[in-house]
Amino acid sequence: MSTREDPFERGGFTREALLEAIRLGEGRFTKRELARALSLKGDAKIGLKDALKALEDEGAILRTPAKAYAIRGGLPPVTVVEAFDRDVDGEILCRATNLGSESPVIRLAPGEGKGRRGDSALGVGDKFLARLERENGEYIARIIKKLGRSAHRILCVYRETGRGGGRLVPVDRRTKHELVPAKGEGLAAKDGDLVNVRLASGKAYGLKTGIIEEVLGSADDPRAGSLIALAEHGVPTGFGEPELKEVKAVKPVTAKGREDLTDIPLITIDPADAKDHDDAVWAAADDDPANKDGWVVIVAIADVAAYVTGGSALDKGARKRGVSVYLPDRVEPMLPERLSNDLCSLKEGENRPCLAVRMVFDRNGNKKAHRFMRGWMRSAAGLSYEDAQAAIDGKGKGKAETLKKDVLEPLWGAYAALKKAREAREPLEIDAPERKVQIGPDGAVTGVAVRERFDAHKLIEEMMIQANVAAAEALEGAKSPLIYRVHDEPGTEKVEALSDFLPTVGLSWARGERLTTKRFNQVLERAKGGPHYETVNEVVLRTQSQAIYDTRNVGHFGLNLDRYAHFTSPIRRYADLTVHRALIRAFKLGHDGASDEERASLQVIAEETTSNERRAMAAERDATDRFIAAFLADRVGAEFTGRITGVTRFGAFIRLDETGADALCPVSRLGKEYFQHDPAAHALVGESTGATYRLGMAVTVRLEEATPVTGGLLVEIVTPPEQGRKPMGRRKGGRPPAGRDGRSRGPKGKRRR
């Protein structure tokens, strides 16, 4: 190769020098920082650009989402890690945040994440600083510090000492040391208050000082679970002054330039306690003779883009939040209440702007055509799922009953056709009952109930899916960039784990065949009616990838759709708002469509929104855990039935039948012998006797600890283990046996720390 063709020679550096600079950067060095590390100037920087491209093309390095460079397949000893999934056994899987989807899979070390007294639960969506080790060819993470909020801000409980002073006790028990309030700061809080604290000093010795920035309320308040979850995960709360100023100045949109839909009896169907109504539906038999027994469906969505313009303070705030966060006792909305619950909400009997799609389906539910419009509508009724279903079932009353013949029956007729197409498409049909934590007037939990699921739910769900598909198809047809909702097919490792598990419950999975939703549905159908149905559902769910937002379309595996984009909930999801703006621009529906700047930023927005969605899910999960722990705190010592839903190296997770909560039984409470995690059998097996606790086993447990401040539930399994054969030795390829504290043991029984 000539000097002119060799980018390394042209840049005046060697291939090895560049790789070493990238290695030292540990995935953080951009092209500019690499140029600085190599002392490059002038034309040498052009050689660097070409050299990086050459290394990328040959697969030696990769470019991270932050436009930095990293050695492919290599990870630094300390890095920020995000929990992104669970494996079939329930163990948490992580990846390095700076490498995104390019990161090798990282497992939590035994005993990390959950299981020690007072620890917060670690789950999917959580981020933490980790020390990485290599063990048996895989990366193992040990938690240094859980992230989610500034390292200089700590959530504490203020405790008076009785001597005119006080102490700030961190809620996260990994933060071992108490803080001293800055002089006079204790006056801002009462004993037992939850407070946000900023570190004021970094003394090498003695207690550090903290400045109380915000008093959140009493730690003993039943609602504290939500406050802690929001603060722990860094979820933005409230609205800034610029947003409030903008929303106060907003004037209602008029009907000018919009298609008049006010004569069409569109209705909303939502949960009974819903405060925002962002989607309305209508259906009628198609009068086109060429589409005999076909249907016309209109889905109208709140026109948030008419009020939230790109680049405004409201837009920047909505993008920062990404999604609304739904906690047991409150909602942290993406948009201020004047928009989410008023101007953008499709209230019964009130004129509202909307972005609507008119879809035509044949008798078998196949979509023949669609058209998007900027509309002006008036909801004929705001019904609950229960009211709509009762009317269709012949038990209706009030508004639902009066609308039964002309509005509800045509909707159900259209749904019957859509259902045919859905059944032919065969999306994934996992049966995962949704539980709702019921909150009393005082904020305390009164019970946990399984949400009933009616045909009314399925009708709205299917019509929203079809509207989302139409949005993706329309924008693709217009050659417009967009954010897709994508769901990749399961990875090989997870499918292998599923095929290992199924024979333990009398089922099978043929290896090597093409992955389809139909195959998963067949497994679920074979399990139906048997004792392992719930467990098989759980394992099939864990086998799936997680859906994300992306500008690169890989389809939606779970729904078995080639293209899919979120369009139907712009009040509570920022991705939907970008799709609305893209449609407005693509079809010349107004002057408030997507800007060139927004179109260029869509991939960054997709990644941000995915991260914000995970953050919201983690906060919702943790808040629910804390509320249920508070609900069970006065029942320590009581026995509960449940089923083992996860087996890990440090213990077994049991889902309690009564509440749906997940409790942990550490290996130290399983008996006198050591229990080893057998990954192939998906079980914890006694080293001496072969006694077994396996995934899916029905058990009775005794509640030992319920800690509301962390949401932790520790139990002891009362049910004896299943008898098994005495192990003959360590399983080939298996991990070392777990110790009483859950840590794996190395040579001669020494614990790996």
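This report describes the fold of a single predicted chain, from its overall make-up to selected strands and helices.

**Overall make-up**

The predicted model comprises 753 residues, of which 52% are buried. Its secondary structure amounts to 18 helices and 33 strands. Taking the contacts between residues at least 6 apart in sequence, 67% of them link residues at least 24 apart. The exposed area of the chain is about 34300 Å², and 49% of that area is supplied by carbon and sulfur atoms.

No disulfides are present: the count for the structure is zero. In general terms, a disulfide is a covalent bond joining the sulfur atoms of two cysteines. Two cysteines may be described individually. C94 has a relative accessible area of 0% and is therefore buried, the cut-off being under 20%. C156 likewise counts as buried, because its relative accessibility is 0%.

**The barrel**

Five strands close into a barrel, in the order β3-β4-β5-β7-β6, with mixed pairing. On average, neighbouring strands of this sheet are turned by 55 degrees against each other, direction ignored. Within the barrel, β3 (residues 78-86) pairs with β4 (residues 92-96) in the antiparallel sense, over five bridges. One of the residues involved is V81, whose bridge partner in β4 is A96.

**Strands β26, β27 and β28**

Strand β27 (residues 651-656) pairs with β26 and also with β28. Both pairings are set out below.

| Strand pair | Sense | Bridges | A bridge partner pair |
|---|---|---|---|
| β26 (residues 639-648) and β27 | antiparallel | six | V647 and A652 |
| β27 and β28 (residues 662-666) | antiparallel | five | G651 and P666 |

The connection from β26 to β27 is a hairpin through two residues. The hairpin of β27 and β28 has five residues between the strands, and there G660 adopts a positive phi near 75 degrees. How many of the six residues of β27 are buried? Five are, and the strand is thus mostly covered. As a general point, side chains in a regular strand alternate between the two faces of the sheet.

**Helices α16 and α18**

Two packed helices are described in general by the angle between their axes and the distance between those axes. For helix α16 (residues 574-586) and helix α18 (residues 602-632), the axes come within 10 Å and cross at roughly 155 degrees. Because angles over 145 degrees count as roughly antiparallel, α16 and α18 are roughly antiparallel to each other. On the α16 side, Y574, A575 and T578 take part in the meeting of the two helices, and they face L602, I605 and T609 of α18.

**The surroundings of G47**

G47 lies in helix α4, which spans residues 44-57. Is this glycine, G47, buried or exposed? Its relative accessible area is 0%, so G47 is buried. Which residues does G47 contact, leaving aside its neighbours within four places in sequence? They are P7, R10, G11 and F13. G47 and F8 are separated by 39 residues in sequence, while their C-alpha atoms are 6.4 Å apart in space.

Methods:
Residues are numbered from 1 along each chain as its sequence is written. This is a predicted model: local features need pLDDT of at least 70, side-chain atom pairs count only at pLDDT 80 or more; totals for chains, interfaces and linings use all residues. Side-chain values use heavy atoms; hydrogens and water are left out. Helices (H or I, at least four residues) and strands (E, at least two) are DSSP runs, numbered from the N terminus. Buried means under 20% relative accessible area, exposed over 50%, partly exposed in between (1.4 Å probe, protein chains only). Contact means heavy atoms within 4.5 Å. Accessible areas come from the Shrake-Rupley method with a 1.4 Å probe; for residues, only the protein chains shown count as cover. A disulfide is a pair of cysteine sulfur atoms within 2.5 Å. Two strands pair if DSSP finds at least two bridges between them. Axes are lines fitted to C-alpha atoms, for helices over the stretch in contact, and angles run from 0 to 180 degrees between N-to-C directions. Angles under 35 degrees count as roughly parallel, over 145 as roughly antiparallel, 65 to 115 as roughly perpendicular and the rest as oblique.
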